[in-house]
Amino acid sequence: MNEDSRLVYSSDPKLNQKCARCKELVSECTCQKEVEVKNYKFVAVMRMEKSGRGGKTVTVIDQLPKNEIFLRELTTKLKKKCGSGGTYLMDKKEGVIEIQGDKRDLIRDFLTKEGIRSKG
Ligand SMILES: [Zn+2]
């Protein structure tokens with residue numbers, strides 16, 4: 001930080017902290033903090049969606065805990081289990097995993113084995 005840029009900062013450094021996730025000022029950030037998965041009761045909700053221009057079917061697993069490590073590991077396992085591609089994302093409230101293809105049966109079985117309740 002050089003002298004010039006320091007001048008535009010207010011005297012209270014807390015007011016100038018930015019959220020690492022959305023890059024908004026902390027005072028304006030609406031992100032929720034990541035949750036502790038083991039303390040988080042949830043029921044995953046599955047639904048089918050068409051994605052992209054090709055209209056490929058994806059299985060969306062919604063209402064998952066917002067925890068990046070949990071989502072990344074679960075996505076990796078589901079991709080392996082289903083033998084298809086997939087990704088995860090976190091919105092403001094929750095985590096979402098998308099697996100390519102209609103894999104509801106495989107995913108439901110897998111989630112049950114992992115001790116995760118699901119519906120849809
Ligand atoms: Zn934020």
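How many helices and strands does the secondary structure of the protein chain come to? This predicted model has 3 helices and 5 strands.

**View 1. The order of elements along the protein chain.** Start at the N terminus. The elements run α-β-β-α-β-β-α-β. The protein chain has 120 residues, and 16% of them count as buried. Now take the contacts between residues at least 6 apart in sequence. Of these, 49% join residues at least 24 apart.

**View 2. The largest nonpolar core.** This core has 11 residues. Leucine appears at Leu-64, Leu-71, Leu-74 and Leu-78. Isoleucine appears at Ile-61, Ile-97, Ile-99 and Ile-107. Ala-44, Val-58 and Tyr-88 complete the set. Which elements give two or more residues to this core? They are strand 2 (56-64), helix 2 (68-82) and strand 4 (95-100).

**View 3. Ala-44 and its contacts.** Ala-44 belongs to the largest nonpolar core. Leave aside its neighbours within four places in sequence. Ala-44 is then in contact with Ile-61, Gln-63 and Leu-64, and also with Leu-111, Ile-116, Arg-117 and Ser-118. Two of these partners, Ile-61 and Leu-64, are listed in the core as well.

**View 4. Glu-28 in a loop.** Find Glu-28 in the loop between helix 1 (3-7) and strand 1 (43-51). Is Glu-28 buried or exposed? Glu-28 counts as exposed because it has 9 C-beta neighbours inside 10 Å, and a residue with 12 or fewer is exposed. Lys-18 lies 10 residues from Glu-28 in sequence. In space, the two are 9.0 Å apart, C-alpha to C-alpha.

Terms used: Residues are numbered from 1 along each chain as its sequence is written. This is a predicted model: local features need pLDDT of at least 70, side-chain atom pairs count only at pLDDT 80 or more; totals for chains, interfaces and linings use all residues. Helices (H or I, at least four residues) and strands (E, at least two) are DSSP runs, numbered from the N terminus. A residue is buried if 20 or more other C-beta atoms lie within 10 Å of its own, exposed if 12 or fewer, and partly exposed in between; C-beta atoms are placed from the backbone. Two residues are in contact if their C-beta atoms, placed from the backbone, lie within 7 Å. A nonpolar core is a set of buried Ala, Val, Leu, Ile, Met, Phe, Trp, Tyr and Cys residues joined through C-beta atoms within 7 Å.
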